[in-house]
Amino acid sequence: MILSALAWLIQDFLQVLVTSLILTPEIFLLISLYKLVSEPMPQRRAAKWIWFVFCGGVLWDLRWASVPGVSGLLNVAALAAVCWVWGRTPAGGRGAVLFAAIAGGAHLFSGVIHYLAWASPGQAAMRTFAVQQLLMIPVLALLSAIYAFKASKTHV
Amino acid sequence: MVSKLNPILVNTLLAFLCGLLLLWSSFAFPGLVRAMVDRWGAALYLPEIPALELRTLVQATGNWVMERKGLQARNGELELENLALRTALQQTLAPEPQSASEMIGARVTLRYPDAWWKEIRVNRGIRHGVRVGAPALSDGFIIGKVVRVGADYAWIELVTSSSFLLAAVVDDTWDLGVINGDDRGNIWLLYTPPEKEFQRGMIISTALVGDYLPPGIPIGKIWGQGELRDGFMPQKVVSGAHLTQLYTVQILHTGDAGGSSD
């Protein structure tokens, strides 16, 4: 959770840097999802993560949005969905590609809801949304590579 | 029964409930939400200071670069304008050269950039007594010779041209050589013996070779040695005239000694 908390601060730091230019990718959400799938996690501990990402989302909204709660709800939905998919996938199929797919999907889902929630979803908003999703790719690629590396070490 | 429920599902539902409650309260109690936003913003003020400073620095740097770029562009424009004005002023102020008894004053009317070191055109021609082969001088030094001439104009091949060949003598040693250019602004004294040691600053003058070219017209000074070639040691020569700023020249009046024209 310390890593995720740091990710929240880094995301906030980057958002301060690029305010009014672009939206930073949801680094906090991606790293939380990575931590959730990369470590063996009992259900009770996973339940704590749900509250953790919820709080992270609420704090993000309190800092960057006028309506607190939306990001918290989206983070919880994303985490629950990832938990559900990951739990139902056989151990052999839980690879970096699956992680990238479901984490990327969760990020995209969160981005789309935020985009639709914006007061004026015009061309500029669409561009902002697209840039955020594009910026997500390197973060996701890095996390997937780390996941693949850790998985190969564990299996060997 | 409660203990058998999936804790992830239960906590997800509870978190959803809390989230919806928070959403509702943000509309129902906007003052409360504003207070929370303010407090959280104040708490983040310190951690965000480096980012704010960095952002300010980046913006300031960007502004500085843009401003500098603009100033440089403006400076370039002003320099060009200044150069154009200075050239126009010099051309206006340059007095019409007076023709002496032996010299024809001429103003340079054309100098192609791609043939900068090869030739110039002047505004004096046959009607003024200019003949092919006549030497042209500037500041008292030979800068070329007439190669084509019309009624009111003449083309002068410069000493820096690679096709320019002129017999010359080193005044101090009486050694003979041939002056030749390289189309890049350099002048060489060719065919000088390698065993001879020429000193920098020795004056080079024209040698007696034809009717149109009297001997003893200064060309320039020896500046250094070149590389041994075909048993000879070429000497680098610097012209005594300011070859980059030729506005007027003097053409030696050769009378009616002949010469072709175009």
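Start by selecting Ile142(B) in this predicted model and showing what surrounds it. Leaving aside neighbours within four places in sequence, Ile142(B) is in contact with Pro135(B), Leu137(B), Val159(B), Thr206(B), Ile217(B) and Ile219(B). The residue itself sits in strand β4 of chain B. Is Ile142(B) buried or exposed? It counts as buried, because 26 C-beta neighbours lie inside 10 Å; the cut-off for buried is 20 or more. Now add Ser205(B) to your selection: 63 residues separate it from Ile142(B) along the chain, yet the two C-alpha atoms are 8.7 Å apart.

**Next stop: the barrel**

Stay in chain B and colour strands β6, β7, β8, β11, β10 and β9. In that order, these six strands close into a barrel with antiparallel pairing. Ignoring direction, neighbouring strands of this sheet are turned by 40° against each other on average.

Zoom in on β6(B), residues 166-170. Four of the five residues in this strand are buried, so β6(B) is mostly covered. On one pairing, β6(B) runs antiparallel to β7(B), residues 176-181, and four bridges join them. Pick Ala168(B) and look across to β7(B), where Gly177(B) is its bridge partner. The hairpin of β6(B) and β7(B) has five residues between the strands, and one to click on is Trp174(B), which takes a positive phi near 65°.

Then turn to the pairing of β6(B) with β9(B), again antiparallel, with three bridges. Here Ala168(B) stands opposite Thr206(B), and Thr206(B) is one of the contacts of Ile142(B) from the opening stop.

Move along to β9(B) itself, residues 203-206. This strand pairs with β10(B) in the antiparallel sense over three bridges. Which residue of β10(B) is the bridge partner of Ile204(B)? Select Gly220(B) and you have it.

**Two aspartates in loops**

Switch to the loops of chain B and find Asp139(B), between β3 (135-138) and β4 (141-149). Its phi is positive, about 55°, although the residue is not a glycine. Asp139(B) counts as partly exposed because it has 13 C-beta neighbours inside 10 Å.

Now go to Asp230(B), in the loop between β10 (218-225) and β11 (235-239) of chain B. Asp230(B) likewise has a positive phi, near 55°, in a residue other than glycine. With 7 C-beta neighbours inside 10 Å, Asp230(B) counts as exposed.

**Chain B from end to end**

Zoom out until the whole of chain B is in view. There are two helices and 12 strands, and along the sequence both helices come before the strands. Of the 262 residues in chain B, 28% are buried. Among contacts with a separation of 6 or more, 55% join residues 24 or more positions apart.

**Across to chain A**

Show both chains and highlight where they touch. How many residues does each chain bring to the contact? Chain A gives 24 and chain B gives 24. On the chain A side, α1 (2-17), α3 (43-64) and α4 (70-88) each supply at least two residues. The largest share there, 11 residues, comes from α3(A). Colour that side by class and you will find 18 nonpolar, three polar and three charged residues.

**The cores**

Hide the surface and select the largest nonpolar core, which has 44 residues. Leu30(A), Leu33(A), Ile50(A), Val76(A), Leu79(A) and Val82(A) touch the most other members. Follow the core across the chains: α1, α2 (27-38), α3, α4, α5 (96-117) and α6 (123-155) of chain A, together with α1 (7-28) of chain B, each supply at least two residues. Once more α3(A) gives the largest share, 11 residues.

Centre on Leu33(A). Beyond its neighbours within four places in sequence, Leu33(A) is in contact with Leu79(A), Val82(A), Ala103(A) and Ala106(A). Apart from this core lies another, of 40 residues, including Ala134(B), Phe141(B), Trp188(B) and Ile204(B).

**Last stop: confidence**

Finally, colour chain A by pLDDT. The chain has a mean of 84, and 96% of its residues reach 70 or more. Among the elements of chain A, α2(A) has the highest mean, 89, and α6(A) the lowest, 85. Where pLDDT is low, the predicted coordinates should not be read in detail.

Technical notes
Residues numbered from 1 in each chain as written. Chains lettered and ligands numbered in written order. Predicted model: local features only at pLDDT ≥ 70, side-chain atom pairs only at ≥ 80, totals over all residues. Buried ≥ 20, exposed ≤ 12 C-beta atoms within 10 Å, placed from the backbone. Contact = placed C-beta atoms within 7 Å. Nonpolar A, V, L, I, M, F, W, Y, C, P; charged D, E, K, R; others polar. Core = buried A, V, L, I, M, F, W, Y, C linked by C-beta atoms within 7 Å. pLDDT = per-residue confidence, 0-100. Pairing = 2+ DSSP bridges. Axes fitted to C-alpha atoms, helices over the stretch in contact; angles between N-to-C directions.
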